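Please read the sequence and the model together. The paragraphs below go from one region to the next.

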Amino acid sequence: MIYYRQKIDSFTETFEKCSVIVLLGENYSLLQKDAKTISVALAGKIADEEMRVNKYFNQEINEKRNEIITRLKTKSFFPGRQIILLNELNEKDYKFITEIDAEWKNDDAITIVTMNALSKKSDIIKLLASSDRIAVVNYTNSKIDGDFFVKRLTDAGISFSGKEVLDVLIDFSTFTPRNILENEFEKLMLLKLYDDNPLSVDDFFDIMSINYEVKELSLAVALAERNIIELETTLNALFSYSKSPISILHFVSAYFYKLSLIKLFGPTSFEVLREYPFLIAHDLEKAKQHVNEWSLQQFSRVADTLTASDLKLRKYPSLFQRSILTQCLHQIMEM
């Protein structure tokens, strides 16, 4: 039978008479989470402790085929259903699933298989689903928009304060792989577990991994806005935190390269979304404003200046590096 994950209400009722349950999708962490949930639903919460769950991973599955078949029929010292977990089975090895089904009897262990999404031309789903005892669960990617996050937040029992929160979540999802997005969402749920206050934008920035320090971004913003006072204040703060002049320069380079891409391709283009730093919400709005204040010729000159300064920073000892970086930033501000 073929199932779609979003339409399954009860794992126990759906899969208790199956020989093999195949979970197909690109989100590894979600597949692992559901495999665990199914195992608990069919075998109980203490099945792991009672050694009624046997796990195999990727390449070792092929090496231990005979052992796995034997595990199907081996009885545990403890009463209750036994589970075999085959994690990340390769698409080319799918026939092992039908071999397990052919050997299976009603009281044998139930096998849960996780597989990456299949190639588009693959007929494996139909072949596996031809058996009444094999369940194939297909994880289709839902469109990630405001409705998607409203449902996720509602299901998690999390209220939120205003449309701005949804906009930030949507922006974040545009450059974040699905499995990482799920991990970050788990962190949000833990944050609000014992907190009844609505989720705010500040909560988001406190917990989400946006992969850069706020001070570094503040420096790049001050430079792009030619704000000398803010630039010096932030630069001194970064030095007080013992930030490396080379790492500071690299972030500035990445920011101005991002601005040049926005100028060329637009803020929502693939070329922009894939490049670090990943800007969202008010940070992205500021970047759009900066683009209007700089020409492509100026961006080219900035890149040349940063490259020359990078070479100097690597050539001279640390004693001179602060001076080299400061001089570089002042040159850019005067362009």
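Helices here are DSSP runs of H or I of at least four residues, strands are runs of E of at least two, and both are numbered from the N terminus. The structure is a predicted model.

With that naming, Glu 275 can be placed in the loop between α14 (270-273) and α15. Is Glu 275 buried, partly exposed or exposed? Buried means under 20% relative accessible area and exposed means over 50%, with partly exposed in between. Glu 275 counts as partly exposed because its relative accessibility is 23%. Leaving out residues up to four places away in sequence, Glu 275 touches Tyr 257, Lys 258 and Leu 261. Its C-alpha is also 8.3 Å from that of Ala 254, although the two residues are 21 apart in sequence.

The next step is to look at how two helices meet. Two packed helices are described by the distance between their axes and the angle between those axes. For helix α13 (residues 245-265) and helix α15 (residues 281-293), the axes come within 9 Å and cross at roughly 75°. Angles of 65 to 115 degrees count as roughly perpendicular, so α13 is roughly perpendicular to α15. On the α13 side the contact is made by Tyr 255, Leu 259, Ile 262 and Lys 263, and on the α15 side by Ala 287, His 290, Val 291 and Asn 292. Sorted by type, the residues of this contact are five nonpolar, two polar and one charged.

Nonpolar residues also form cores. In soluble globular proteins, nonpolar side chains tend to be buried together. In this model the largest nonpolar core has 38 residues, and Tyr 255, Phe 256 and Ile 332 have the most contacts inside it. Two or more residues of this core come from each of α11, α12 (228-240), α13, α15, α16 and α17 (318-333). Which of these elements gives the most to the core? The answer is α13, with ten residues. Phe 256 shows what such contacts look like for a single residue: leaving aside neighbours within four places in sequence, Phe 256 is in contact with Ala 220, Leu 223, Ala 224, Trp 294, Phe 299, Val 302 and Ile 332. Apart from the largest core lies another, of 25 residues, which includes Ile 61, Ile 84, Ile 97 and Leu 128.

Two residues that are not nonpolar are buried as well. Glu 216 lies in helix α11 (residues 214-224) and counts as buried because its relative accessibility is 10%. Beyond its neighbours within four places in sequence, Glu 216 is in contact with Leu 238, Lys 243 and Phe 251. Gln 298, in helix α16 (residues 296-315), has a relative accessible area of 17% and is therefore buried. The side chain of Gln 298 reaches the backbone nitrogen of Ser 295 at 2.8 Å. Not counting residues up to four places away in sequence, Gln 298 touches Arg 226, Glu 293 and Met 335.

Finally, consider the backbone at two loop positions. Asn 58, in the loop between β3 (53-57) and α3 (59-63), has a phi near 40°, a positive value in a residue other than glycine. Glu 88, in the loop between β4 (83-87) and α5 (95-103), also is not a glycine and has a positive phi of about 60°. Asn 58 is partly exposed, with a relative accessible area of 24%. Glu 88 is partly exposed at 37%.

Definitions and conventions
Residues are numbered from 1 along each chain as its sequence is written. This is a predicted model: local features need pLDDT of at least 70, side-chain atom pairs count only at pLDDT 80 or more; totals for chains, interfaces and linings use all residues. Side-chain values use heavy atoms; hydrogens and water are left out. Buried means under 20% relative accessible area, exposed over 50%, partly exposed in between (1.4 Å probe, protein chains only). Contact means heavy atoms within 4.5 Å. A polar contact is a pair of N or O atoms within 3.5 Å; within protein, one must be able to donate a hydrogen and the other to accept it, and residues adjacent in sequence count only if both atoms are side-chain atoms. Axes are lines fitted to C-alpha atoms, for helices over the stretch in contact, and angles run from 0 to 180 degrees between N-to-C directions. Angles under 35 degrees count as roughly parallel, over 145 as roughly antiparallel, 65 to 115 as roughly perpendicular and the rest as oblique. Ala, Val, Leu, Ile, Met, Phe, Trp, Tyr, Cys and Pro count as nonpolar, Asp, Glu, Lys and Arg as charged, and the others, Gly among them, as polar. A nonpolar core is a set of buried Ala, Val, Leu, Ile, Met, Phe, Trp, Tyr and Cys residues joined through side-chain atoms within 4.5 Å.
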